[in-house]
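Biologist: Could you take me through how one reads burial, contacts and a domain interface in a model such as this one?
Modeller: Gladly; let us look at the structure and then go feature by feature.

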Number of protein chains: 2
Amino acid sequence: MPTETVPTVRPLRADAVRNREKILAAAATVFANRGLDATLDEIALEAGVGVGTVYRRFPDKEVLVAALFESGIDELATLALSAYESENSWDGLVWFMQEALSRQCTNKGLRDVVISTTYADQLKDSAKSRIGPALHKLIERAQRDGYLRTDVVESDFPIMEMMISSLGCVTNQLAPDLWRRYLTIMLDGLIVSRDAPTPLEQFPNDELVAAALRASSRHVKRSDALRTALQDDCMSD
Amino acid sequence: MPTETVPTVRPLRADAVRNREKILAAAATVFANRGLDATLDEIALEAGVGVGTVYRRFPDKEVLVAALFESGIDELATLALSAYESENSWDGLVWFMQEALSRQCTNKGLRDVVISTTYADQLKDSAKSRIGPALHKLIERAQRDGYLRTDVVESDFPIMEMMISSLGCVTNQLAPDLWRRYLTIMLDGLIVSRDAPTPLEQFPNDELVAAALRASSRHVKRSDALRTALQDDCMSD
DNA sequence: AATAAACGGAATTACTTTCTCCACTTACTT
DNA sequence: AAGTAAGTGGAGAAAGTAATTCCGTTTATT
């Protein structure tokens, strides 16, 4: 009998398996909060292991990202299909937008993957490419039924989701439902006819929203004390 | 007679004045395209002078930014005031949104300044703080007249502008008017009652939009060739 | 107890961005 | 026309930040 042709893939050691799980769990958390920009160092810290361990298990970030978000993207595709089951086509569309956005707004990593083109290729043939057609059917049906305005096209939807989730990810921490207001408004603008506007979700405290936006501002880097000191010597005018 | 108490501020040399103008012009262009993240080196290059020259004239970026955008912010405030002159309160609001956004979408720097909190303080007491009250009046009037839904608040507007301009700045180059579609949709969602939807602006070529989004993606940094090469050696699963 | 696998995390590499410095050039004196 | 102070360019110092490797130590497995 010939010896195993499979190149003797030794199973991982028990502790290595445990660590691999810890890393995946940590990556899920960290990517959800910080987005795909997160460092592998951050993930290692969160997982309670050294960076080396992360790199031994996942040769680079992209592999890790792909491993993690396959299922997230897949879920979005499933949502679109389920929405088509709904008997009322408008309700189905609304439901899809709400569900899809609630996932993208609470998971910055997911949002990044959906938008990004770098990771796109790796996931393209799996789930990501299933969302399009499903969404297309959903839209067409809602238009045929006279609910959805006929001058919107399929591509408008990812764009609107992108706009709304750009806010959602930012206010996620302090005002987690803020984005729903703007989805409601957009949907009220997308329906062909309605009498009264759909009531909006409660606007959270103004201060809270301001704080949320401030917190996410990228321009809060170096200490301002020094800057302010230099303020006046400007130059001739 | 006492000698001049003014500490003998020598006028700039002629070439220095010329360069100062060149720098301001270049900064306007570069900030508009790249946003406030632009390097002073980029500005120097665009101006055709050395970085040293830029730093001699403007001790740091913030001073330059403040010098440049004072008027931009001021213009937005003026727009809000003019909009209030309009006899129809809804039309005034629509007009303001369109005008304000068309400026913020073609000028990423302006958008950044409006959103940012770092630069906010420097401009706060000048123009930026005048926008709020003017907008408030505009909104209140449109609500009183029964046009604008009464469950939106003043703070919703900057947020909606932020969402829309986030798209606008990105597609600015290849699909400069794309944002107008979403403004139209939002406005159709903001009005209390309407029969038919307001017709949308033409959707540009799908490829074009995809290209525009791709071009702006931050994840297109290092050469992918190398990455792809490593793709398969992944690890045990 | 032997040993191969796995570990941690400091150190290296490879940027990117801000800002300084100084040898050289140029505009304004007189 | 010569002197000189003002101005210039742009290399490079300084200060990050992020990705990835390396190796002395620890640990699971036999």
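**From one residue to the interface**

Modeller: In this predicted model, Asp112(A) is buried, with a relative accessible area of 11%.

Biologist: Why does a value of 11% earn Asp112(A) the word buried?
Modeller: Burial is a matter of a cut-off, and since buried means under 20% relative accessible area, Asp112(A) at 11% is classed as buried because its value falls under that limit. Asp112(A) belongs to helix 6 of chain A, which spans residues 108-115.

Biologist: Which residues does Asp112(A) touch, once those up to four places away in sequence are not counted?
Modeller: Setting such sequence neighbours aside leaves the contacts that the fold brings about, and for Asp112(A) these are Gly35(A) and Leu36(A). Leu36(A) appears again at the domain interface, where Leu36(A), together with Ala32(A) and Asn33(A), is among the residues of domain 1 that lose the most area to domain 2.

Biologist: How is chain A divided into domains, and how far apart do their centres lie?
Modeller: Domain 1 covers 15-59 and domain 2 covers 69-204, and their C-alpha centres are 29 Å apart. Between them about 550 Å² is buried, carbon and sulfur atoms giving 62% of that area. On the side of domain 1, Ala32(A), Asn33(A) and Leu36(A) together account for 74% of what is buried there.

Biologist: How many residues are in contact across this boundary, and how many salt bridges and polar contacts are found?
Modeller: One counts residues on each side and then asks about specific pairings: 6 residues of domain 1 are in contact with 9 residues of domain 2, the rule finds 0 salt bridges, and 3 residue pairs are in polar contact, both partners being at pLDDT 80 or more. The touching residues on the side of domain 1 divide into 3 nonpolar, 2 polar and 1 charged.

Biologist: Is Leu93(A) buried or exposed, and what surrounds it?
Modeller: Leu93(A), in helix 5 (residues 89-106), is buried, with a relative accessible area of 0%. Leaving aside neighbours within four places in sequence, Leu93(A) is in contact with Leu138(A), Ile139(A), Ala142(A), Leu148(A) and Phe157(A).

Biologist: What does the whole chain look like by the same reading?
Modeller: Chain A has 11 helices and 0 strands, and buried residues make up 46% of its 237 residues. Of the contacts in chain A with a separation of 6 or more, 67% join residues 24 or more positions apart.

Key
Residues numbered from 1 in each chain as written. Chains lettered and ligands numbered in written order. Predicted model: local features only at pLDDT ≥ 70, side-chain atom pairs only at ≥ 80, totals over all residues. Heavy atoms only, no water. Domains from an automatic or database assignment. Contact = heavy atoms within 4.5 Å. Buried area = accessible area lost by both parts, 1.4 Å probe. Salt bridge = Lys/Arg side-chain N within 4 Å of Asp/Glu carboxyl O. Polar contact = N/O pair within 3.5 Å; in protein donor to acceptor, adjacent residues only side chain to side chain. Nonpolar A, V, L, I, M, F, W, Y, C, P; charged D, E, K, R; others polar. Helix = DSSP H or I, 4+ residues; strand = E, 2+ residues; numbered from the N terminus. Buried < 20%, exposed > 50% of the residue type's maximum accessible area, 1.4 Å probe, protein only.
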